[in-house]
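Here is a briefing on the empty spaces in one protein model and on a few side chains. Please look over the sequence and the fold before reading on.

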Amino acid sequence: MGMSVTISAAAEQDAEQIFRLQYLCFQSEAALYGNYRIDPLVQTLDSVREEVAADCVFVARLGDEVVGSVHGRITEDGAAAIGKLCVHPRLQGHGIGARLLRAAETALAGERGARTFRLHAGHRSESNLRLYSKVGYQRVGTSQGADGVPVIVLEKKAEAYATTA
């Protein structure tokens with residue numbers, strides 16, 4: 001019988017695996033836009049280490065291997081910015097992304113007082129947009145990322161978490 005995927009807060013020693021996983025997972029996203037300068041692909045290992053130390057980062061593990069991750073932090077307006085959600089390509093489509101989102105939402109609302117969750121998805125990222133809609137996010141606007149990619153801004157209220165978990 002196979003091993004189960006577990007979700008937990010990221011630890012300092014996970015930073016290198018998160019760094020490598022992001023690089024692998026965001027290749028397909030970069031290909032959608034013909035832009036290989038998107039943030040997860042140009043982020044440094046030191047920057048990932050800083051995020052793990054300061055922010056709300058969760059990982060999905062299969063044994064000792066990090067097979068998914070998500071990053072969250074509280075913004076100046078008190079909302080929780082969630083991003084860099086990724087799941088190893090061989091394990092996508094099994095609910096791991098939704099479980100990572102739920103873990104981040106729970107921690108950001110319960111431990112850091114977030115009342116609203118906000119995330120961005122590339123306008124061509126149909127599978128990501130489907131997932132976010134399925135777990136209760138609604139489109140609230142559009143923007144352009146620092147990398148030039150047009151993005152859709154999505155939000156949901158923290159109290160909506162209880163109905164989508």
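The points below cover the cavity, two pockets, an aromatic pair and two polar side chains.

The model is predicted. One cavity of 30 Å³ or more is counted. The largest pocket has a volume of about 820 Å³, and the second largest pocket has about 560 Å³. One aromatic pair turns up in a search of the whole structure.

**The cavity**

- The volume of the largest cavity is about 50 Å³.
- Its lining consists of Ile18, Gln22, Val48, Glu51, Val52, Val57, Ser69, Val70, His71 and Lys84.
- Helix H1 (15-33), helix H3 (45-54) and strand S3 (65-74) are the elements that give two or more residues to this lining.
- By type, the cavity lining has five nonpolar, three polar and two charged residues.

**The largest pocket**

- This pocket, of about 820 Å³, is lined by 29 residues.
- Closest to the pocket centre are Asp39, Pro40, Gly83, Lys84 and His120.
- At least two lining residues each come from H1, helix H2 (39-42), S3, strand S4 (80-87), strand S5 (116-122), helix H5 (126-134) and strand S6 (138-144).
- The lining of the largest pocket divides into 14 nonpolar, nine polar and six charged residues.
- Lys84 is listed in the lining of the cavity and among the residues closest to the centre of the largest pocket.

**The second largest pocket**

- With a volume of about 560 Å³, the second largest pocket is lined by 24 residues.
- Val87, Gln92, Ser127, Asn128 and Leu131 lie closest to its centre.
- H1, S4, helix H4 (96-110) and H5 give two or more residues each to the lining of this pocket.
- H5 supplies the largest share of that lining, six residues.
- Twelve nonpolar, nine polar and three charged residues make up the lining of the second largest pocket.

**The aromatic pair**

- Tyr132 and Tyr137 form an edge-to-face aromatic pair.
- The ring centres of Tyr132 and Tyr137 are 6.2 Å apart, with 65 degrees between the planes.
- The pair counts as edge-to-face because 65 degrees is over the 60 degree cut-off.
- Tyr132 has 8% relative accessibility, so Tyr132 counts as buried.
- Tyr137 is also buried, with a relative accessible area of 3%.

**Thr116**

- Thr116 is part of strand S5.
- Thr116 counts as buried because its relative accessibility is 12%, under the 20% cut-off.
- The side chains of Thr116 and Lys157 are joined by a polar contact of 3.5 Å.
- Beyond its neighbours within four places in sequence, Thr116 is in contact with Ala79, Ala80, Glu155, Lys156, Lys157 and Ala158.

**His71**

- His71 is found in strand S3, and this residue helps line the cavity.
- At 9% relative accessibility, His71 is under the 20% cut-off, so His71 counts as buried.
- A polar contact of 2.8 Å links the side chains of His71 and Asp55.
- With neighbours within four places in sequence left aside, His71 is in contact with Glu51, Asp55, Cys56, Val57, Ala81, Ile82, Gly83 and Lys84.
- Among these partners, Glu51, Val57 and Lys84 also appear in the lining of the cavity.
- Gly83 and Lys84, two more names from that contact list, are among the residues closest to the centre of the largest pocket.

Terms used. Residues numbered from 1 in each chain as written. Predicted model: local features only at pLDDT ≥ 70, side-chain atom pairs only at ≥ 80, totals over all residues. Heavy atoms only, no water. 1 Å grid on protein atoms, 1.4 Å probe; cavity = no way out; pocket = protein on both sides within 12 Å on 5 of 7 lines; lining within 4 Å. Points joined across faces, edges and corners; volume = space filled by probe spheres on them. Helix = DSSP H or I, 4+ residues; strand = E, 2+ residues; numbered from the N terminus. Nonpolar A, V, L, I, M, F, W, Y, C, P; charged D, E, K, R; others polar. Phe/Tyr/Trp six-rings, centres within 6.5 Å; stacked < 30°, edge-to-face > 60°. Buried < 20%, exposed > 50% of the residue type's maximum accessible area, 1.4 Å probe, protein only. Polar contact = N/O pair within 3.5 Å; in protein donor to acceptor, adjacent residues only side chain to side chain. Contact = heavy atoms within 4.5 Å.
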